[in-house]
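Visitor: I'd like to learn how to read a model like this one, feature by feature. Could you walk me through it?

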Amino acid sequence: MKKECAIVQDLLVLYEDDVLKEESKEMVEEHIRVCEDCMQVYEDGGKELPVIEHVPEPSEEEKEAAADQVMKKVTRRITNKTIGCLLLAILVVLIGVTVGNNICDNVTETNWGLSSIYILPTEDISVEQLYVLKNGDLYCRLESDKKICTWMTMDWGLESGGLEAESTDEAVKELRFRKETLWEMNDGAPLQQSIVFSLKRQGTDKKNGTSIVQTCKEINIYGKTKKDKLTIWKRGQKVEEAPEEIEKEAVQLYIQGGQTAKAIRECEAMGWDDYERIFKEYHNIVCDDYDIEFNNEGDSVW
C-alpha cells in the first residue's frame, strides 16, 4: 500500500464524520476519485462521494466583462490614491514655501522670501569709485561680475529698522543685490551701477510746520545677513573730490532721478551756465507714510 493511500484511508473515518478541515476533505476526495483501491475501501463502507457540480466555462464576452470590472476597480483605487498623494504633496509644498519664506525673511531682514537665498554676498561686490561732489553728496560706482536681477534699498532709516519722523543725525542707507534665480535665467546683467547718495535732507511736519533735518552717518551693502556687511562710507571718512567728468555724470543722474533743482545748483557750482534750456521743472515728492513732506533732493539717485 502506498503511503498516500494509507494516510487517506486513516482519514476516511474523520471524513465520514465530517470533521476534517476543508483542505483535508478536498485532498481525500481528489485521491479517492483517482485511486481504485481507496475508492473500494470507501464504497465498502456504504458511502458515495458527493457529486461535483459542473460549472460551465464562461464565454469570451463574460471574461472580458469581468476583466473590465477588475480594471475599473483597480483604476479607481489608483486614481483616488494618486489624487490623495498629489493633494498631500501640494499641501506639503505650500507649507514648506510659507515656512521657508518666513525663515528667509527673518534671517535676511528682507521681504524677498525664498528668493533671498540668492542675495549676492558682499565679497562679490566692489566699490570701484567713491567721490564727494561739490554739493556734499557722494558719488559711488559699484561693480560685480555676477548677474543682478533686482536690488533693494533703505534710503533713509535707522539701524534698528524703519524710518524716523523727526530730526536725527543717525540715519543710515542700506543696499542689497539679488542675483539671478533658477527661474530668472538670462534676465540679469553684471552689476555696473553708479549712485549718488545724499547725506542730508530737510522736510516739514505737515501737522505743526516743524522743520525736520536728517543726516546720514553710514552707507552699507549687506549680503544674506547683517553680519555680511560692506561699508561704502561712514561719517568722518576722507573722500577724494570728484573730477569734472564725475560731476557731469552726477548731474545726469540727478535729472534721471527728477532732482532738477539739485542738478541746476550743481551746474552753478561747477560754473556751467547753459543749464536753463535743459531744466524747466521741479517737483516735490511726498512721503505718505508719515506727516512729513520731504523734497526729493534727499533721495539717492542712480
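Guide: We'll go from confidence to layout, then to the helices, the cores and a few single residues.

Visitor: Where do I start?

Guide: Start with confidence, since this is a predicted model. The chain averages a pLDDT of 75, and 71% of the residues score at least 70.

Visitor: In which element is confidence lowest, and in which is it highest?

Guide: Strand β8 (residues 292-294) has the lowest confidence, with a mean of 45, while strand β1 (residues 126-132) has the highest, at 95. Look at the stretches under 50 as well. Over residues 51-55 pLDDT stays under 50, and the model has one contact there beyond four places in sequence. Residues 280-294 also stay under 50, but for them the model has 36 contacts beyond four places in sequence.

Visitor: How many helices and strands does the chain have?

Guide: Six helices and eight strands. Reading from the N terminus, the order is α-α-α-α-β-β-β-β-β-β-β-α-α-β.

Visitor: And what can I say about the chain as a whole?

Guide: Two totals are handy. Of the 302 residues in the chain, 34% are buried. Then take the contacts with a separation of 6 or more: 63% of them are between residues 24 or more positions apart.

Visitor: Let's take a helix. Which residues of α3 are buried?

Guide: For a helix, look at which way the buried residues point. In α3 (residues 36-44), the buried ones are Cys-38, Met-39 and Tyr-42. They sit on the same side of α3 because they cover an arc of only 105° around the axis.

Visitor: What do those buried residues pack against?

Guide: They pack against α1 (3-16) and α2 (22-34). Turn to the face of α3 that points away from the buried side, and you find the exposed residues Glu-36, Asp-37 and Asp-44.

Visitor: Now the strands. How many residues are in the largest nonpolar core?

Guide: There are 20 residues in it, and Leu-142, Leu-175, Phe-177, Phe-197, Ile-219 and Ile-232 have the most contacts inside. Next, ask which elements contribute. At least two residues of this core come from each of β2 (138-157), β3 (168-179), β4 (189-197), β6 (211-222) and β7 (229-234). β2 gives the most, with five residues.

Visitor: Is there a second core apart from that one, or what else lies there?

Guide: Another core, of 13 residues, lies apart from it; Leu-133, Val-196, Tyr-254 and Cys-267 are among its members.

Visitor: Can we zoom in on one core residue? What does Leu-175 touch?

Guide: Leaving out residues up to four places away in sequence, its partners include Trp-151, Met-152, Thr-153, Ile-195, Phe-197, Ile-219 and Ile-232.

Visitor: Why would I call β3 largely enclosed?

Guide: Because nine of the 12 residues of β3 are buried, the rest of the structure largely encloses this strand. Then check how β3 pairs. Seven bridges link β2 and β3 in the antiparallel sense, and in one of the pairs Gly-157 has Val-172 of β3 as its bridge partner. β3 and β6 run parallel and are joined by six bridges; Ala-171 has Cys-216 of β6 as its partner.

Visitor: You mentioned a cysteine. How many disulfides does the structure hold?

Guide: Zero. For individual cysteines, look at accessibility. Cys-140 counts as buried because its relative accessible area is 0%. Cys-216 is buried too, with a relative accessible area of 3%.

Visitor: What about charged residues in strands? Is Lys-179 buried or partly exposed?

Guide: A strand can carry both kinds of residue, and the general idea is that side chains in a regular strand alternate between the two faces of the sheet. Lys-179 lies in strand β3 and, at 26% relative accessibility, is partly exposed. Its C-alpha is 9.1 Å from that of Pro-190, which is 11 residues away in sequence.

Visitor: And where is Glu-143?

Guide: Glu-143 is in strand β2, and a relative accessible area of 26% makes it partly exposed. Glu-143 and Gln-192 are 49 residues apart along the chain, yet their C-alpha atoms are separated by 4.5 Å. Setting aside neighbours within four places in sequence, Glu-143 is in contact with Asp-124, Ile-125, Ser-126, Glu-128, Leu-191 and Gln-192.

Technical notes. Residues numbered from 1 in each chain as written. Predicted model: local features only at pLDDT ≥ 70, side-chain atom pairs only at ≥ 80, totals over all residues. Heavy atoms only, no water. pLDDT = per-residue confidence, 0-100. Helix = DSSP H or I, 4+ residues; strand = E, 2+ residues; numbered from the N terminus. Contact = heavy atoms within 4.5 Å. Buried < 20%, exposed > 50% of the residue type's maximum accessible area, 1.4 Å probe, protein only. Arc of directions from axis to C-beta. Core = buried A, V, L, I, M, F, W, Y, C linked by side-chain atoms within 4.5 Å. Pairing = 2+ DSSP bridges. Disulfide = S-S within 2.5 Å.
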